[in-house]
Amino acid sequence: MNLKKILVLFAVVGAVALFFLFDLQRFLTLEALKANRQMLAGYYAAHQGATVALFMAIYILQTALSLPGAAVLSLAAGAVFGALAGTVYAVCAATIGATLAFLVTRYLLRDLVAGRFGARLEGLNRELEQRGFNYLLFLRLVPLFPFFLINLAAGLTRLPLRVFVLGTLVGIIPGGFVFVNAGASLAAINSLADVASARVLGSFALLGLFALVPVLYGRLKGR
């Protein structure tokens, strides 16, 4: 590992350590969002461009470093920017952050992990190279695995960057809209469980199954 990679790795570790050292997670809670909603809305009314840029920078950093708080940030997007604009800002920021996490994993951690688990990743690599978009779309649509784990796992494979970006962008739009739209009616939300209801999760699962249809068809045709 060269000096540049070592410096980037130390910067990532340092940023994560500072986040927990100063307990910045307390600002990314539903209670904190409700308490500061009027202040945030007022600041946005006076400084629209700066508010959007700051929000996206925070969301990108949170996602890139795999920190907690994505759900609250999506709710904040709806509460401050509205459902449609908030969805655009949140989805774009999450996609950029996920891409950065993907790249850090691939170029800083890939050799280390591949040296130990390379043989186990061969099957996954093969499937992702042949039908990567559909697999990734399924993982994004169906909340079976944490968002950050998918970013890190994909970085360890040979999945092309453009496929990762497109699959992530398309796959997180439904979930992003649900949370952002809920944030637009923030007063009615008492917990994050109120947003991710069984009906909503079931709808995502159905969408995920549709994403897998081309994969299943390809396997059956191959046999």
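User: How far apart are the end C-alpha atoms of residues 163–184, and how much of the span is helix or strand?

Analyst: Those two atoms sit 31 Å from each other, and the span is 91% helix and 0% strand. Bear in mind that this is a predicted model, where local features need pLDDT of at least 70 and side-chain atom pairs count only at pLDDT 80 or more, while totals for chains, interfaces and linings use all residues. Residues are numbered from 1 along each chain as its sequence is written, and side-chain values use heavy atoms, with hydrogens and water left out.

User: What makes something a helix here, and how many helices and strands does the chain have?

Analyst: Helices are DSSP runs of H or I with at least four residues, strands are runs of E with at least two, and both are numbered from the N terminus. By that rule the chain comes to nine helices and zero strands, so its pattern reads α-α-α-α-α-α-α-α-α.

User: Which residues does UniProt call "transmembrane region"?

Analyst: Its unreviewed entry lists 6–28, 91–109, 135–156, 163–184 and 196–217. UniProt positions follow the numbering used here, feature names are shortened, and annotations may be inferred rather than shown by experiment. In the model, residues 6–28 are 70% helix and 0% strand, with end C-alpha atoms 30 Å apart.

User: Why is threonine 87 called buried?

Analyst: Buried means under 20% relative accessible area, exposed means over 50%, and partly exposed is in between (1.4 Å probe, protein chains only). Threonine 87 has 10%, so it is buried. This residue belongs to helix α5. Across the chain of 223 residues, 38% count as buried.

User: What is threonine 87 in contact with, beyond its neighbours within four places in sequence?

Analyst: Gly82, Gly176, Phe177 and Val180. Contact means heavy atoms within 4.5 Å. Among the chain's contacts with a separation of 6 or more, 82% link residues 24 or more positions apart.

User: Why are aspartate 23 and serine 66 called partly exposed?

Analyst: Aspartate 23 has a relative accessible area of 42% and serine 66 has 27%, so both values fall between the 20% and 50% limits. Aspartate 23 is in the loop between α1 (3–21) and α2, and serine 66 is in the loop between α3 and α4. Each is a non-glycine residue with a positive phi: near 50° for aspartate 23 and about 60° for serine 66.

User: What makes up the largest nonpolar core?

Analyst: A nonpolar core joins buried Ala, Val, Leu, Ile, Met, Phe, Trp, Tyr and Cys residues through side-chain atoms within 4.5 Å. The largest one has 20 residues, and Phe55, Tyr59, Ala77 and Phe81 have the most contacts inside it. Helices α3, α4 and α5 (83–141) each supply at least two residues, with α3 giving the most, five. Setting aside residues up to four places away in sequence, alanine 77 touches Phe55, Gly82, Gly86, Ala90 and Val180.

User: Which residues lie closest to the centre of the second largest pocket, and which elements help line it?

Analyst: Of 18 lining residues, Leu40, Phe55, Ile58, Leu73 and Ala76 are the closest to its centre. Two or more lining residues come from each of α2 (30–46), α3 (48–64) and α4 (70–81). A pocket is an open set of points on a 1 Å grid over the protein atoms alone, where a 1.4 Å probe fits, with protein on both sides within 12 Å along at least five of seven lines; lining residues have an atom within 4 Å of a point.
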